[in-house]
Amino acid sequence: MHQLLVSGGAAADGHSHISYNADDADLYGALSHWPAAEHVNGSMREIYSWDLGIFLGDIPQPPYTFNVMGNANDQGLVIGETTHGGLESLSNLGKTWLNGTVIDYGQLIWVTLQRARTAREAITTMTDLANTYGYASSMEGFSIADANEVWYMELIGKGSFEKGVVWVALKVPDGYISAHANQARITTFQPCDPKDCMAAPDVVSFAIKHGFYRGALNDLTFSFSDVYDPVTFEGA
């Protein structure tokens, strides 16, 4: 997958844009649709792996879900992705509810589009879903945009160590563009200013706890990509 992120200030029409290109013939013409709906209390949504097609589990539905067509919803929110892989020891690829992981990266996108209105709300929704129900994929890079903001988030599970995810999301400054394709690229981000940065509270401490990083908790040189997705021949 290849993604191009364009902030409104960098676009000729003044609107934010995300391109989403998959060099995979199997995806040619693929388009998913979830109509807007109201759900009675106790309704569940089945989750199937986008890549593997296997049943991962189910999660409770909210009272109302938005209309979703492809990678966009009727609120003007768009989410795309590229697969990075990341540390193999943190991958939950192929795991299901039997392992405590229910949502893969594809369904994480579509469930979020059914529930979130803005890019910031999408980041909170995605990370809450992954932490609550378990993340059943390897590292992903997510492009997230609404009418006013464009964000890029990198997210990886915690393998068999713990349930949940570690992640960092950065806002693309207005007037700028960004791109990503199958290799993590968020390096240093501390201190994380909420106006243009969001991150898991344990993004550094988890790495220290499990031996992936030997620096200090407040080390400003901590690099998310170097720790969780070191550059390899395939990635570069």
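**Exercise 1. Classify Lys-195 and its salt-bridge partner by exposure, and describe the contact between them.**

*Solution.* Lys-195 has a relative accessibility of 53%, and because exposed means over 50%, Lys-195 counts as exposed. This value, like every other one in these exercises, is computed from a predicted model. The next step is to find the partner: the side chain of Lys-195 meets that of Asp-193 in a salt bridge, with 3.0 Å from N to O. Asp-193 has a relative accessible area of 33%, so Asp-193 is partly exposed. Elsewhere in the chain, salt bridges that share partners join Lys-158, Glu-162, Asp-202 and Lys-209 into one network.

**Exercise 2. Take the pairs Lys-158 with Glu-162 and Arg-117 with Glu-121, and work out for each residue whether it is buried, partly exposed or exposed.**

*Solution.* Begin with the general principle that side chains of opposite charge can pair when their charged atoms come close. Lys-158 and Glu-162 meet in a salt bridge at 3.5 Å, N to O. The relative accessibility of Lys-158 is 5%, which means that this lysine counts as buried, whereas Glu-162, at 26%, counts as partly exposed. For the second pair, the side chains of Arg-117 and Glu-121 form a salt bridge with an N to O distance of 3.9 Å, and this distance lies within the 4 Å cut-off. Arg-117 is partly exposed because its relative accessibility is 44%, and Glu-121 is likewise partly exposed, with a relative accessible area of 27%. The count of salt bridges by this rule comes to eight.

**Exercise 3. Find what the side chains of the acidic residues Asp-146 and Glu-81 contact, given that each is buried without a salt bridge.**

*Solution.* First locate Asp-146, which sits in the loop between β11 (139-145) and β12 (150-157). The nearest side chain of opposite charge belongs to Arg-120, 6.9 Å away, and Asp-146 has no salt bridge although it is buried. Then look at the backbone: a polar atom of the Asp-146 side chain lies 2.8 Å from the backbone nitrogen of Asn-148, and the side chain of Asp-146 also reaches the backbone nitrogen of Glu-149, at 2.7 Å.

Turn next to Glu-81, which belongs to strand β10. Glu-81 is buried and has no salt bridge either, and here the nearest side chain of opposite charge, Arg-185, is 12 Å away. A polar contact of 2.4 Å joins the side chain of Glu-81 to that of Tyr-20.

**Exercise 4. Describe helices α1 and α2 by their burial, and add the span of α2 and the residue that follows it.**

*Solution.* Helix α1 is mostly covered, since 10 of its 11 residues are buried; among them are Tyr-105, Leu-108, Ile-109, Trp-110 and Leu-113. Helix α2, made up of residues 119-133, has 15 residues and reaches 21 Å from its first C-alpha to its last, close to the 21 Å expected at 1.5 Å a residue. In an α-helix there are 3.6 residues a turn, so residues three or four places apart point the same way. The buried residues of α2 include Ala-119, Ala-122, Ile-123, Met-126 and Ala-130. After α2 comes Gly-134, with a positive phi near 90 degrees.

**Exercise 5. Identify the backbone features of Asn-182 and Pro-191, both in the loop between β14 and β15.**

*Solution.* The background to this step is that most residues other than glycine have a negative phi, and most peptide bonds are trans. Asn-182 has a positive phi, near 65 degrees, although it is a residue other than glycine, and at 29% relative accessibility Asn-182 counts as partly exposed. The peptide bond from Gln-190 to Pro-191 is cis, its omega being near -5 degrees.

**Exercise 6. Name the residues of the nonpolar surface patch that contains Leu-98, and state their accessible area together.**

*Solution.* Leu-98 lies in the loop between β10 (78-85) and α1 (105-115), and because its relative accessibility is 64%, Leu-98 counts as exposed. The other members of the patch are Tyr-48, Phe-55 and Trp-97, and together with Leu-98 they have about 440 Å² of accessible area.

Technical notes. Residues numbered from 1 in each chain as written. Predicted model: local features only at pLDDT ≥ 70, side-chain atom pairs only at ≥ 80, totals over all residues. Heavy atoms only, no water. Helix = DSSP H or I, 4+ residues; strand = E, 2+ residues; numbered from the N terminus. Expected span 1.5 Å × (residues − 1). Buried < 20%, exposed > 50% of the residue type's maximum accessible area, 1.4 Å probe, protein only. Patch = residues over 30% accessible without salt bridge, like charges linked within 9 Å, V, L, I, M, F, W, Y side chains within 5 Å. Areas by Shrake-Rupley, 256 points an atom, 1.4 Å probe, with all protein chains shown as cover. Lys, Arg positive; Asp, Glu negative; His and termini not counted. Polar contact = N/O pair within 3.5 Å; in protein donor to acceptor, adjacent residues only side chain to side chain.
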